[in-house]
Amino acid sequence: MDLLVDNNTRIWYDKSLLSEDPARCFDVEFWQNKNAVIGSASGRGTTWFVQTASVPAALRHYRRGGLFGKLVRDSYAFTGWGNTRSAQEFQLLTYLREKGISVPRPIAARAIRGGLTYQADLLVEKIDGAKDLVDILMEAPLDASHYHRIGVMVRKLHDAGVCHTDLNIHNILLDTQGTCWLIDFDKCGKKKGEGWKASNLSRLLRSFRKELNKRHIQWQETDWDALSIGYQEQAVR
């Protein structure tokens with residue numbers, strides 16, 4: 001990981017993935033001028049998909065949610081550069097990849113300090129050809145082998161001591177090769193102990209049930225059994 005320091009700005013980046021100017025890669029207009037914007041997605045904010053010289057990437061500006069987010073959209077209390085959301089997510093993705101967990105490669109992260117607050121951005125690899133479980137299950141059911149692999153992936157995450165605080169089926173992707181991916185690690189991190197792991201799994205189960213009722217995904221309770229078997233079997237390896 002390389003670091004670019006410029007007065008009130010810090011940029012962490014992987015120069016093996018980013019040949020573009022790190023100081024400009026968070027500017028949407030920079031990519032638009034290169035005709036390198038390949039798509040976008042709307043959520044709490046707009047995520048821009050861009051084509052870098054090496055890989056397709058997703059560019060995200062950190063924004064607050066909830067009622068407080070309506071008052072303070074994208075500013076966070078500054079308590080140190082290493083504590084910024086962008087730096088922490090960049091470092092966490094690096095750690096998870098070292099543990100053999102399929103997460104996007106972090107390309108660059110930026111934090112800009114303004115007095116007691118900061119704003120942040122993140123550029124990560126876009127998993128080409130991947131869809132989230134909601135989109136997939138709205139079209140067709142998955143067989144037990146897919147759920148087994150998802151269970152293995154979640155167990156690897158937990159064995160690495162990391163809690164995904166928003167573990168839901170929007171944040172689990174499957175690519176065209178059948179590989180399972182986890183995305184969106186904002187506000188996630190390492191946790192000690194064991195009790196949180198069961199709660200994290202319960203959160204995922206609630207997500208399946210919620211989307212079954214909301215979007216009528218092609219999922220049934222017995223599919224959870226295959227996921228649980230994968231989770232348990234990974235524990236004895």
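**Close-up 1. A salt bridge joins arginine 203 and aspartate 166 in this predicted model.** The closest N and O atoms of the two side chains are 3.1 Å apart. The pair links distant parts of the chain. Arginine 203 belongs to helix H6 (residues 195-215). Aspartate 166 sits in the loop between strand S10 (162-163) and strand S11 (172-174). The two residues are 37 apart along the chain. Arginine 203 has a relative accessible area of 32%, so it counts as partly exposed. Aspartate 166, at 30%, is also partly exposed.

**Close-up 2. Aspartate 186 and arginine 85 meet in a salt bridge.** The N to O distance is 3.2 Å. Here, too, distant parts of the chain are linked, with the partners 101 residues apart. Arginine 85 comes from helix H3. Aspartate 186 comes from the loop between strand S12 (180-182) and strand S13 (189-190). Are these two side chains buried or exposed? The cut-off for buried is under 20% relative accessible area. Aspartate 186 is at 14%, so it counts as buried. Arginine 85 is at 18%, so it is buried as well.

**Close-up 3. Glutamate 139 pairs with lysine 131 in a salt bridge.** Their closest N and O atoms lie 3.5 Å apart. Glutamate 139 is exposed, with a relative accessibility of 55%. Lysine 131 is partly exposed, at 40%. The structure has 10 salt bridges in total.

**Close-up 4. Tyr76, Phe78, Trp81 and Tyr118 form one aromatic cluster.** The structure holds seven aromatic pairs. In one of them, the ring centres of tyrosine 76 and tyrosine 118 are 5.6 Å apart. Their planes meet at 35°, so this pair is tilted. Tyrosine 76 lies in strand S6 (residues 76-77), and tyrosine 118 in strand S8 (residues 117-125). That contact spans 42 residues of chain. Both tyrosines are buried.

**Close-up 5. Phenylalanine 78 also pairs with tyrosine 118.** What geometry do these two rings adopt? The planes stand at 75°, so the pair is edge-to-face. The ring centres are 6.4 Å apart. Phenylalanine 78 sits in the loop between S6 and helix H3 (85-98), and tyrosine 118 in strand S8. The two residues are 40 apart along the chain. Phenylalanine 78 is buried, with a relative accessible area of 16%. Tyrosine 118 is buried at 4%.

**Close-up 6. Charged side chains sit over aromatic rings.** The charged end of arginine 60 lies over the ring of tyrosine 62, 4.8 Å from the ring centre. Lysine 126 takes up a position over the face of phenylalanine 49. The distance to that ring centre is 5.3 Å.

**Close-up 7. Strands S1 and S2 form a hairpin.** The strands run antiparallel, and five bridges join them. Strand S1 covers residues 2-6. Two residues lie between the strands. In the turn, asparagine 7 has a positive phi of about 50°. Across the pairing, valine 5 stands opposite arginine 10 of S2.

**Close-up 8. Strand S2 (residues 9-13) is mostly covered.** How many of its residues are buried? Five of five are. Thr9, Ile11 and Tyr13 point one way from the strand. Arg10 and Trp12 point the other way. Residues on both sides are buried.

**Close-up 9. S2 also pairs with strand S7 (residues 106-114).** Five bridges connect the two strands in the antiparallel sense. Which residue of S7 is the bridge partner of arginine 10? That partner is alanine 111. Tryptophan 12 stands opposite alanine 109 in S7.

**Close-up 10. S7 and S8 form a hairpin.** Their pairing is antiparallel, over eight bridges. Isoleucine 112 has glutamine 119 of S8 as its bridge partner. Two residues separate the strands. Glycine 115 in this hairpin takes a positive phi near 70°. Strand S8 also carries tyrosine 118, the ring that pairs with tyrosine 76.

Notes: Residues are numbered from 1 along each chain as its sequence is written. This is a predicted model: local features need pLDDT of at least 70, side-chain atom pairs count only at pLDDT 80 or more; totals for chains, interfaces and linings use all residues. Side-chain values use heavy atoms; hydrogens and water are left out. Rings of Phe, Tyr and Trp (its six-membered ring) pair if their centres lie within 6.5 Å; planes under 30 degrees apart count as stacked, over 60 as edge-to-face and the rest as tilted. Helices (H or I, at least four residues) and strands (E, at least two) are DSSP runs, numbered from the N terminus. Buried means under 20% relative accessible area, exposed over 50%, partly exposed in between (1.4 Å probe, protein chains only). A charge sits over a ring if NZ of Lys or CZ of Arg is within 6 Å of the ring centre and within 35 degrees of the ring normal. Two strands pair if DSSP finds at least two bridges between them. A salt bridge is a side-chain nitrogen of Lys or Arg within 4 Å of a carboxyl oxygen of Asp or Glu.
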